[in-house]
Amino acid sequence: MSTILYPENLLEILPDDLKNSINDTNSDSISISPSEVLKFAKFFRNDPRLQMETIISLTGVDYIEFFEIVYHLRSMKRNTSMIFCTQIFDRSDPNLPSVSSIWRGADLQEREVFDLMGIRFTNHPNMSRILLWEGFNGHPLRKDFEYIDLTDKNNAS
Amino acid sequence: MPLKTEPVTINLGPQHPSTHGVFRLKVTFDGEQIVDAEPVMGYMHRGTEKLAEERSYVQIVTLTDRLDWVSSMTNNLSYVRTVEKLANIDVPIRAQYLRVICSELQRIASHLIATGFLMQELGTFGGTPLMYCFREREKILDMFEMLCGARVTLSYMRPGGLIQDAPPEFWERLKIFTSEMPGYVDELESLISDNEVVLARTKNVGILSDRVAVDASITGPMLRATGVRWDLRKAHPYEIYNSLHFEVPIGSNGDTFDRYFVRINEIRESIKLINQAVEQIPSGPIRTEIPYFFKPPVGTAFSSVEAPKGELGFYIVSDGGISPYRCHIRSPSFINLTVLKDLLVGASMADLIVIFGSIDVVMGEVDR
């Protein structure tokens with residue numbers, strides 16, 4: 001049975017400098033600030049006690065006041081999994097360092113989040129739309145997305 | 001005197017018989033060799049995640065059918081398990097057994113499609129292995145029809161259990177199926193596994209290393225073909241998988257042949273699993289009743305199952321309303337395409353379709 005590493009388990013492992021950068025913890029994940037993502041990601045991937053070599057899922061949620069990006073990590077060697085998340089409060093130009101240099105599996109998933117949620121991942125090798133076409137107006141998974149009538153030739157982007 | 005060649009960019013798809021949906025591939029060739037490949041997806045994007053935000057938790061089951069339309073059962077299972085985790089719903093034991101039987105039947109059906117079309121794309125037999133595969137798949141679809149009246153878009157599962165119990169005819173047909181199927185698998189394998197043409201076209205073609213596979217979040221038969229023994233049914237047993245015995249077949253090379261071989265062996269293991277589940281299944285209720293418009297508590301849940309193509313997960317955020325605030329689908333086909341370029345670059349033009357076929361993607365799941 002695989003074990004889930006809860007925040008209390010992670011706090012035992014994290015070094016002090018990273019521990020102090022944690023914004024918040026809830027019952028199943030730790031929350032960090034966007035600028036610290038790369039530092040944490042490198043630690044989770046390389047620390048011999050964690051060895052999170054796979055990113056199972058990377059997704060975004062629009063909570064209106066902020067965007068939350070949720071990372072689900074897994075270590076196949078140790079059969080453990082963990083979750084961490086980060087909040088972005090800037091709605092006009094939300095951006096976040098890309099973790100695709102640490103886990104290649106994040107490549108397409110980050111492009112999907114950019115396409116549907118409009119969060120730009122900096123230093124991503126190919127930050128372009130993936131499911132919708134270039135020139136599509138808006139990001140559908142945002143809560144303030146307005147439906148467009150695609151049958152209306154003047155309106156369809 | 002060496003021939004001077006210029007790179008040529010060719011567009012494959014979006015309408016092409018081998019793309020299993022609508023998928024476009026921009027490929028650059030230098031002579032016969034592929035030097036660059038860029039997948040272009042989204043032609044079948046239907047906004048499933050957005051649609052889910054406007055439907056009740058029970059209605060979303062029908063949306064999940066249409067993700068990977070050759071394995072609706074496992075899509076249903078992954079979704080309902082996430083809702084059950086979110087709302088702490090207990091599932092009766094009989095329903096869990098039936099879910100496992102259905103998932104394994106679906107795995108056989110999906111792997112038959114993958115194998116049949118891979119052989120079709122090799123173009124070696126004029127369709128014989130495909131017809132062998134479809135003959136067996138048809139029997140599975142008939143059994144699904146007995147369970148829920150549908151053959152492909154099943155919607156058989158509900159949060160809390162199943163829509164109805166299996167009729168007596170189902171068990172008779174299942175018994176005949178599981179007793180005959182090992183013979184049919186051997187028959188199918190005798191056509192393929194020792195065939196020199198197949199071996200020449202698939203061995204050492206599209207090699208993926210285990211290191212890259214793990215780094216790029218590859219799951220399912222594609223990961224196991226590289227030699228990584230990782231199967232969620234073993235690593236994190238859900239439903240009643242920990243009371244059943246089975247092996248996890250792995251490959252050694254990570255090439256196209258290994259991906260095919262892992263699938264064929266998984267069919268055999270699935271038959272074993274079904275036999276054990278049929279022996280052990282208890283009688284009892286098949287559903288915990290929940291209201292049609294039920295409201296799970298505020299919170300988030302992520303849960304995944306081993307679908308035929310890899311790890312299918314759902315991440316659901318509930319705000320306490322009748323529909324999810326956010327429903328993310330972690331689809332195996334989409335993420336398995338991360339390494340498509342690695343597999344294709346350096347291969348020859350004739351191997352392109354074979355490599356793409358061996359990844360076994362369904363565009364409904366890639367584009368969602």
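Author: Two residues are in contact when heavy atoms of theirs lie within 4.5 Å, and this meaning is needed for what follows about chain A, which belongs to a predicted model.

Reader: What share of the contacts in chain A with a separation of 6 or more comes from residues 24 or more positions apart?

Author: Such residues account for 47% of those contacts in chain A. Because a contact asks for heavy atoms within 4.5 Å, residues 24 or more positions apart along the sequence can be counted here when their atoms meet that cut-off.

Reader: What makes a residue of chain A count as buried, and what percentage of the chain is buried?

Author: A residue is called buried when its relative accessible area is under 20%, and 58% of the 157 residues in chain A are buried. Chain A nevertheless exposes about 7,200 Å², of which carbon and sulfur atoms supply 48%.

Reader: How many helices and strands does chain A have, and in what pattern do they follow?

Author: Chain A has 4 helices and 8 strands, and along the sequence they follow the pattern β-α-α-β-β-α-β-β-β-β-α-β.

Reader: Why is the second largest pocket called a pocket and not a cavity?

Author: A pocket is an open set of points, whereas in a cavity the probe cannot get out, so the word pocket says that this space is open. The second largest pocket holds about 570 Å³ of space. Among the 28 residues that line this pocket, Leu108(A), Arg111(A), Asn126(A), Glu38(B) and Pro39(B) are the closest to its centre. E3(B) gives the most to the lining, with 5 residues.

Note on methods:
Residues are numbered from 1 along each chain as its sequence is written. Chains are lettered from A and ligands numbered from 1 in the order in which they are written. This is a predicted model: local features need pLDDT of at least 70, side-chain atom pairs count only at pLDDT 80 or more; totals for chains, interfaces and linings use all residues. Side-chain values use heavy atoms; hydrogens and water are left out. Helices (H or I, at least four residues) and strands (E, at least two) are DSSP runs, numbered from the N terminus. Buried means under 20% relative accessible area, exposed over 50%, partly exposed in between (1.4 Å probe, protein chains only). Accessible areas come from the Shrake-Rupley method with a 1.4 Å probe; for residues, only the protein chains shown count as cover. On a 1 Å grid over the protein atoms alone, a cavity is a set of points where a 1.4 Å probe fits but cannot get out, and a pocket is an open set with protein on both sides within 12 Å along at least five of seven lines; lining residues have an atom within 4 Å of a point. Grid points are joined across faces, edges and corners, and a volume is the space filled by probe spheres set on the points.
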